[in-house]
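Subject: Handing over a structure

Hello,

Here is the structure I promised to pass on. Please open it first, then read the notes below.

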Amino acid sequence: MANTVVVGAQWGDEAKGKVVDFLGRNADVIVRYNGGNNAGHTVVVDGQTFKFHLVPCGMLWPQTLNIIGDGEVIDPPVLAKELDTLAGYGISSDRLKISLNAHIIMPYHQTFDRLEEERKGEKAIGTTSRGIGPAYADKASRVGIRVADFIDPVRLRTRIAENLAFKNEVLTKVYGAPAFDEQAMFDEYSAYADKIRPLAANTNLITHQAYKQGKEILFEGAQGTLLDLDYGTYPFVTSSHPIAGGACLGTGVGPKQLDRIIGIAKAYTTRVGAGVFPTELLDATGDFIREAGHEYGTTTGRARRCGWLDAVVLRYSAMVNGLTDFAVTLLDVLTGLETVKVCRAYMCDGVETETLPADWEAVKQCVPIYDELPGWSEDITGVRKYEDFPANVKAYVSHIEKLTGVEVKILSVGPDRMATIVRE
Ligand code: IMP
């Protein structure tokens with residue numbers, strides 16, 4: 001039995017949803033451990049597209065129990081809509097549990113997210129404006145509203161009153177924005193609490209019991225390593241812990257209970273929002289990748305910044321996550337390029353380095369050093385066995401392994417569940 005963590009190895013959008021769904025066939029329990037509806041996970045099965053923002057992608061497998069873990073932040077209207085959408089697909093929420101410890105995103109979190117981005121102007125982070133940062137900030141400041149508070153009407157009313165007493169002052173006096181109405185917020189959010197209450201549970205215990213019974217648990221991360229609050233390109237990061245360690249923080253399992261840590265990496269690199277991106281391509285090749293890979297945000301529709309694969313980033317990711325293997329996705333997007341490049345090292349201040357400088361400001365001064373490999377023109381979307389890949393694709397994959405020291409065990413050549421190759 002392998003308890004597996006699916007972690008983004010780059011800046012998010014690595015097609016983790018697809019890999020979680022693919023691995024979900026063997027899972028008993030699937031727990032999402034971080035983030036909120038800043039994430040958009042897409043799964044395609046037999047031509048039908050399913051989009052998830054809060055609920056684990058494992059919901060599509062009928063044998064699975066799915067958990068919104070302690071580390072997530074939940075926007076109640078978004079969750080209510082997602083449950084309705086699932087019901088529309090004929091998927092019952094009976095197989096979904098929500099941690100009593102998860103925090104709730106309230107309307108003032110979204111307002112503060114937007115106002116802060118506006119205030120920062122050119123220095124804005126480029127957040128998804130879903131209230132993620134302010135919700136996690138309230139959690140750290142110990143004024144957040146947890147699911148346990150949310151589903152108790154007396155506690156909910158008290159928490160809203162306590163929060164608005166201060167936040168309305170800041171909104172009106174610092175930002176010159178309108179205040180929130182306490183009664184209206186309570187009435188609206190009480191209705192959402194009624195929907196969440198039946199699903200709220202002690203999910204740490206459920207996960208622990210599943211572990212004791214030898215059940216297979218899949219830990220689903222959102223965003224990516226380089227967006228981690230502690231290990232990402234701070235301050236251009238999200239406010240949660242996408243790294244593998246976040247699976248422990250966000251679900252209540254111990255580190256020794258994790259067996260396999262799969263880093264999901266695109267065959268190239270993308271990033272949404274501001275911040276350092278050494279291998280970014282601001283040219284026709286970047287545009288080619290964006291169009292071929294449909295690199296527009298699932299959540300916000302924003303065009304993603306695109307660039308070559310960065311082995312320095314992947315090495316770093318392997319290090320901070322303790323990766324056991326890689327899944328390389330969107331390999332088909334590179335089809336048609338005469339040559340493909342991989343950044344093997346950076347030149348920083350005249351010194352060649354294979355590791356990421358600890359100071360992100362220093363990374364801005366670094367220039368990528370590339371290895372150039374021959375591309376391929378064959379359509380690889382129908383490949384289902386590793387042996388059937390063109391030689392140049394295999395050479396590209398081997399090169400990633402050589403540069404990172406981590407094996408590539410899964411490859412993806414299209415959005416559909418079946419367009420996945422597992423290397424034995
Ligand atoms: P926030 O998570 O909305 O606060 O945004 C912080 C940074 O993380 C911004 O640069 C976002 O574009 C980025 N980000 C957040 N969620 C995702 C995601 O799911 N995929 C890619 N980037 C994300």
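Start with one pair of residues. I98 stands opposite A200 in strand 9. I98 belongs to strand 7, residues 96-99, which runs parallel to strand 9 and is joined to it by two bridges. Keep in mind throughout that this is a predicted model.

That pair leads into the main sheet. The sheet is open and has ten strands, in the order 9-7-5-2-10-1-11-15-19-20. Its pairing is mixed. Which strands form the edges? They are strand 9 (200-201) and strand 20 (420-422), and each pairs on one side only. As a general reminder, strands of a sheet pair through backbone hydrogen bonds, either parallel or antiparallel.

Next, a hairpin. Strand 3 (residues 41-45) pairs with strand 4 (residues 48-52) in the antiparallel sense. Five bridges hold that pairing. H41 has F52 in strand 4 as its bridge partner. Two residues sit between the strands of this hairpin. D46 takes a positive phi there, near 50°.

Now the domains. The assignment splits the chain into domain 1 (4-89 + 203-422) and domain 2 (103-198). Note that domain 1 is listed as two segments. The centres of the two domains, taken over C-alpha atoms, are 29 Å apart. The domains also touch: 27 residues of domain 1 are in contact with 22 residues of domain 2.

Where does the ligand lie? Domain 1 and domain 2 both give residues to the shell around the ligand, so the ligand lies between them. There are 16 residues around the ligand, and D13, N38, T128, T238 and R302 come nearest. By class, the shell has seven nonpolar, seven polar and two charged residues.

Three polar distances are worth a look on screen:

- D13: a polar side-chain atom lies 3.0 Å from a nitrogen atom of the ligand.
- T128: an N or O atom of the side chain is 2.6 Å from an oxygen atom of the ligand.
- T238: a polar side-chain atom lies 2.6 Å from an oxygen atom of the ligand.

How much of the ligand does the protein bury? Taken alone, the ligand exposes 470 Å², and the protein buries 96% of that.

If you have little time, go to the ligand first. Find D13, N38, T128, T238 and R302 around it. Then trace the ten strands of the open sheet from strand 9 to strand 20.

Best wishes

Note on methods: Residues are numbered from 1 along each chain as its sequence is written. This is a predicted model: local features need pLDDT of at least 70, side-chain atom pairs count only at pLDDT 80 or more; totals for chains, interfaces and linings use all residues. Side-chain values use heavy atoms; hydrogens and water are left out. Two strands pair if DSSP finds at least two bridges between them. Helices (H or I, at least four residues) and strands (E, at least two) are DSSP runs, numbered from the N terminus. A residue is near a molecule or strand if one of its heavy atoms lies within 4 Å of it. A polar contact is a pair of N or O atoms within 3.5 Å; within protein, one must be able to donate a hydrogen and the other to accept it, and residues adjacent in sequence count only if both atoms are side-chain atoms. Accessible areas come from the Shrake-Rupley method with a 1.4 Å probe; for residues, only the protein chains shown count as cover. Ala, Val, Leu, Ile, Met, Phe, Trp, Tyr, Cys and Pro count as nonpolar, Asp, Glu, Lys and Arg as charged, and the others, Gly among them, as polar. Domain bounds come from an automatic or database domain assignment. Contact means heavy atoms within 4.5 Å.
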